[in-house]
Amino acid sequence: MIAPTITGRSMPGLAAVLGPHLQQVLAECRPHIGCPTRVEACTGGNVSHVFRVHGEAGNVVVKVRGRRFARISHIATDPALIAVEHQALKLHHSLLPDLFPEVLAFVPEAHAMVMTDVFPDGRTWRDHLDRRAATAKECVRLGSALARIHRATSGLPPLRDGDGDDLFRVEHAYGYCLRACGHRALDEACRRLDALPGRQLILGDTCPKNLSLAAGRTAFVDLDNVHTGAPLFDLGYLLGHLVLHHIARPSHLHPLVTTFLDAYTLPVPARPWRSDDLLATVSAGVLLYRLEAHTVPYPATTPPATAGRLRHSLRHLLDAGRFTVPDLLDAATRPVTA
C-alpha cells in the first residue's frame, strides 16, 4: 500500500503559511513520523501558526511564524523572531527535558520549527478546565514544576541582545498585560517588579492554553514570551488564570490556590505568599487583562454577569490600596454588594 501524498491542495493551512518551504519542512518531519498522512491545525496560539502533522509512525508539531500574528492579524511582527523562541526551547529542554518539548528541526528560511508533541491527548489544560475543575494533584505538579523552572534558569543571561529583553518586558509583560487596563496600582506593580532582586529568565506566558497535564506529565509550550524579569510575574500570571477558570466554581478556589502556592514555595512552611501584596496585585492585573483588555483574545471562561461581578470586585480592591492573596480569593468568590 502506498501512503497518500500530502500536497498543498490537500492541506491548505500548512501550505499557505509555508509557501515554497512546505516540502522542505515535511522532509524534516519524516525521520520522526514516517510518511506524513494527515495535518490538523492547532488552536489557541496567538502569535504563530501551529499544526500537528501525523504520520505512519507518530506525530510532531510544526510551528510557523508569519509577518502578522496568527490570531491578531492587525499586529505586524518579524517572522525571524521565531529564532528567539527556538533558542528558548533548546535551552529549557536541555535543562528540564521532562517539562518542555524538544526541537527536532529548525528551518530558519521558513521561520518554522518541528517539535515533539507534548499533548498526548491532543488537548491543552485550558481545554480540560473548560469542562471540569482542576485537581489538587495538578496544582501540586504545576507549583513544583514552575519552581523547578525558576531554579534552573536562575543566573542565565538574557536571550535578546542589548536591552532587547528589557524592551520586551515593558511592551509585552507590562504593556499588553498589566498596564492594559490603565489602573495606577498596576503601574506601581510594574515598578515594584522591576525593583525586585534576582531578575532572571522567566516564561512570561504561563497560562492554561500553554500547558499539558495529560498522562501524568507536566509540559510547558509557547516560549516566545521568555524574557528577563521577576519570577513572581510567572507565579502571579498562572495564579490569575487559576482564579479565572474557577470563579464559577468558588468552592474549589481556596483549596486549589493554597495547594498550588504551597507547592511552589516548598520547603518554606510559613506560607509567605499569604501576605505578599505584590503577588496579589499582579494576579489581579492578569485577571483584569483577561476580562477587560481586547487586544489579545482569550475565550470567556464564565457567563458575562459573573465576569462583570469579578471586574467590579477587582477594581474595588485596586482602588482601596494594598491587599493579599486571601483578599483576592475572597473578592473572587463573594457577590458584589452595593
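Start with helices H9 and H12: their crossing is right-handed (the near helix is turned clockwise from the far one by less than a right angle; anticlockwise would be left-handed). This is a predicted model, in which local features need pLDDT of at least 70 and side-chain atom pairs count only at pLDDT 80 or more, while totals for chains, interfaces and linings use all residues. Residues are numbered from 1 along each chain as its sequence is written, and side-chain values use heavy atoms, leaving out hydrogens and water.

**Stop 1: the helix pair**

Select 250-265 for H9 and 325-333 for H12. Helices here are DSSP runs of H or I with at least four residues, strands are E runs of at least two, and both are numbered from the N terminus. The H9 and H12 axes lie 9 Å apart, at an angle of about 160°. Axes are lines fitted to C-alpha atoms, for helices over the stretch in contact, and angles run from 0 to 180 degrees between N-to-C directions. H9 and H12 are therefore roughly antiparallel (over 145 degrees; under 35 is roughly parallel, 65 to 115 roughly perpendicular, the rest oblique).

Now show side chains. H9 brings Pro250, Leu253, His254, Val257 and Leu261 to the contact. From H12 come Val325, Pro326, Leu329, Asp330, Ala332 and Thr333. Contact means heavy atoms within 4.5 Å. The set divides into 8 nonpolar, 2 polar and 1 charged (Ala, Val, Leu, Ile, Met, Phe, Trp, Tyr, Cys and Pro are nonpolar; Asp, Glu, Lys and Arg charged; the others, Gly among them, polar).

**Stop 2: threonine 258**

Stay on H9 and pick threonine 258. At 18% relative accessibility, threonine 258 counts as buried (under 20%; exposed is over 50%, partly exposed in between, with a 1.4 Å probe and protein chains only). Add Arg271 and Trp273: threonine 258 touches both, not counting residues up to four places away in sequence. Then select valine 140. Its C-alpha is 9.6 Å from that of threonine 258, though the two are 118 residues apart along the chain.

**Stop 3: the sheet**

Move to the open sheet of 5 strands, in the order S1-S2-S3-S5-S4 with antiparallel pairing. Two strands pair if DSSP finds at least two bridges between them. The edges are S1 (36-42) and S4 (103-107), each pairing on one side only. Twist averages 20° from one strand to the next.

Zoom in on S4 and S5 (112-116), joined by 4 bridges. Valine 103 stands opposite methionine 115 in S5.

**Stop 4: helices on the sheet**

Select H2 (22-33), which packs on the sheet and touches S1, S2 (49-55), S3 (58-64), S4 and S5. The direction of H2 makes about 150° with that of S3. Finish at H3 (82-95), lying across S3, S4 and S5 and running at about 25° to S5.
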